[in-house]
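User: Please take a close look at one part of this protein and explain how that part sits in the whole.

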Amino acid sequence: MSERKDFLRTIVEEDLKSGKCKEVVTRFPPEPNGFPHIGHAKSIAINFGIARDYNGYCNLRMDDTNPTKEDTKYAQALEDAVKWLGFEWKGDVRHTSDYFHQIYDYAIQLIKMGKAYVDSLQEDEIREYRGTVTEAGKRSKYANRSIEENLELFERMKKGEFKDGEHILRAKIDMSAANMKMRDPLMYRIRHAEHFRAGDEWCVYPMYDFAHCLSDYIEGVSHSICTLEFENNRDIYNWVLETLNLTPPRPYQHEFARLGINYTVMSKRKLLELVESKVVSGWDDPRLPTIAGYKRRGYTPESILTFCDQIGIAKANSMVDVSQLEFCIRDDLNPKVPRVMCVLEPLKITITNYDAKEDIDASYYPHDVPKEGSRKLPFSSEIYIERDDFMEDAPKDYFRLTPTQSVRLKHAYIITCKEIIKDDEGNIIEIKAEYSAESKSGSDTSGIKVKSAIHWVDAKESKEVEVRVYDRLFSVEAPADEQDLNPNSLKVIKNARIEPAVIEQKPDVRFQFERQGYFYADPIDYSDAKPVFNKIVGLKGSWDKKTKQNEPTTKPQVKKEQIDGEVVAMTASEQALFQRYTDTLKLNSEVANTLARDAQLSSFYEEALSTLNSPISLANIVTNEVARELKQMQVNELKFNPSQIAELVSIIDDGTISNKIAKQVFEEMLTSGKSPNKIVQEKGLVQISDPDVIAPIIDDIIAKNPDNVSKFKAGNTKLLGFFVGQVLKSTGGKANPQVVNKLVAQKLQ
RNA sequence: UGGGGUAUCGCCAAGCGGUAAGGCACUAGUUUUUGGUACUGGUAUUCGGGGGUUCGAAUCCCUCUACCCCAUCCA
């Protein structure tokens, strides 16, 4: 777990500390209507991870309130995904459908409270009545049905006396709410459909907004974590729980940004399209960002989890670069997996001066991987090397085999090209080479220096294998539709050649094919007779990159110039106030402007001004500190009054306290409502301006931070702030910052 | 257009009034029988823009801008 906390963990810790919750209970609540993808993995990692970190527990709950979309096969896939990632839910898998009776009872309760009603409007009428984002909606005429009538109708809905869509149950909240979600949200609809678990027991089903909060409550969830698009739903969440007046503790909803990864799509709809249009082979196609896809591709659960940990949790919509994921799988596999040799595109080499056969003993692991294990590598005069490991006209930074450059066969001998054989079209079909008998790996006495060692396989002893080379599914970062598909996302190589030990010994299911990348024996199509490997990810390659780099043109980054919008004009009276503030009170126009435009603020200011004639200082503190508080509450909720602010300003003006301490005093006034003088007295906050007192403290700080002193002297002048900060810190903020500044500057000269 | 969110390096992301963390990517070098790994360095005088408050602002105030979400009987 990362030692730096994300915002959710910060909230959890605060709640634990404040006693808002006693135990941390989370839940992973997917709707079983599609296959889980890596976005779900993020949510799983968050929910199960937080529960684990705070010794709580996490439930797995299928949010199955819509019988027409859900299926048990999806529920199974979801369960598998959680297990595969290595998490355990508490008890059985939960289902919202388990709570249908309880949820129904809560609905009855709401009706009895007059907080819910049966509406009988048509679907399109309901939409029309809801209004728009700028216009208020209007309430249905059915909203004033009596409680008895509502009860009876709802009962009959449940009994199945009505057809789908004839009636619905709605919460009675506010048809003109600015939050559209609060305009009498729907709580129950009639659905004569078979539910994959509940069968046909029900023909009314609760909506998400009603079922989710209650399910959380029923399960004792403390932190209901969901994605950003539910921010507007939080109001309903709270409304239901509060209106029902449930006994605490109750759950609270928190939202985080869902995961986006470039060059792929993450929405269920788009994923489904790809599967249905047969662009991919199924939900487990290795190119898909589904859990099943990653699993089939060869990704490990550890690597996915590390990835989730690395990307962090925040509220900003973001698009993570695939290279981050690729790093995670490479990093996971590098120390674990055996290295073997496989030639993807074979080029035949005949070693003319070698006519024997031998088995070379070769370790599965490189020197820096502390693992044991080796295999026999058959070697003879006919071998294959990778086609692009030979180049007839090579640039000088090409390290492999050329007519003039020898190369080492990994684990074996150094060879030198003697003759290039071409077909009628001029394609190279074979190389005749000679080896150096003294150059054998491990006992090299040849003295020949080569620039690289390449992988190879014996022509006769190697096995033919199918290798499926995957690349990103889309060729653009943020794909919109199938137009953006990468035509080369899958390359099937039928006749790659692999060293025999891989098939015969099977030391693992994942391998590093030396110099190529990590590969995985396909769990479904692999057989000893017809081995199939999936490419998980390539190695980082500076040569490959260089050769590819010439193609894409880097787009120039142009910094956009920002144009300021128009500011709303002041009214005549605001204008007059502004004039008075700037002309007679000499406030700066910015301060005057904010004051004049805010009636609450200006009247607060005027009142303070009547007790203390210090217009500028007063204006500053009112427009800054007081304004902040007024953003969150009304004037009458404030614990302090204008004259106390005046008092605070007066002791700043006369030098009793510094501006810095004033902030501290202000904080105190906010919570206790005590008078500034009293706070200063109680806490002994009078500022220290005597240089004789401050100087020794500065000396001490300077002595303790020799590094920063030298950095400062080397020209890093912003470090002045560091020293001032340290001095202030050690005096509890009481040292006069101006004096400190001057003194520090002097001493550091 | 009303409401709710978000903006810190190419991509993620810490930071909550006192020296702009970290990871990926990029880059230079060392080691290397993988152009891998590992290691060592280099990468934001600046936090969406502009003002203001303060000795000191990414952090507080004002204002503008951009993007995301909300008008499914989906979740």
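Analyst:
**One residue and its setting**

In this predicted model, the C-alpha centres of domain 1 and domain 3 lie 47 Å apart. These two belong to an assignment that divides chain A into domain 1 (113-206), domain 2 (348-462), domain 3 (548-683) and domain 4 (691-748).

The part chosen here is Thr350, which lies in strand E12, residues 346-351. Is Thr350 buried or exposed? Its relative accessibility is 12%, and buried means under 20%, so Thr350 counts as buried. Beyond its neighbours within four places in sequence, Thr350 is in contact with Ser381 and Glu382, and also with Glu430, Ile431, Lys432 and Ala433.

Now the chain around this residue. Chain A contains 25 helices and 25 strands. Its radius of gyration is 36 Å, well over the 27 Å that the globule rule gives for 749 residues, so chain A is more spread out than a compact globule. The C-alpha trace spans about 105 × 90 × 50 Å along its principal axes.

Of the 749 residues of chain A, 50% count as buried. Among contacts between residues at least 6 apart in sequence, 70% join residues at least 24 apart.

The surface and the charges complete the picture. Chain A exposes about 38,000 Å², and carbon and sulfur atoms supply 48% of that area. There are 103 positive and 117 negative side chains in chain A, and the centres of the two sets lie 2 Å apart.

Note on methods. Residues are numbered from 1 along each chain as its sequence is written. Chains are lettered from A and ligands numbered from 1 in the order in which they are written. This is a predicted model: local features need pLDDT of at least 70, side-chain atom pairs count only at pLDDT 80 or more; totals for chains, interfaces and linings use all residues. Side-chain values use heavy atoms; hydrogens and water are left out. Helices (H or I, at least four residues) and strands (E, at least two) are DSSP runs, numbered from the N terminus. The radius of gyration is taken over C-alpha atoms; the globule rule is 2.2 Å times the number of residues to the power 0.38. Buried means under 20% relative accessible area, exposed over 50%, partly exposed in between (1.4 Å probe, protein chains only). Contact means heavy atoms within 4.5 Å. Accessible areas come from the Shrake-Rupley method with a 1.4 Å probe; for residues, only the protein chains shown count as cover. Lys and Arg count as positive and Asp and Glu as negative; His and the chain ends are not counted. The place of a charge is taken as NZ of Lys, CZ of Arg, CG of Asp or CD of Glu. Domain bounds come from an automatic or database domain assignment.
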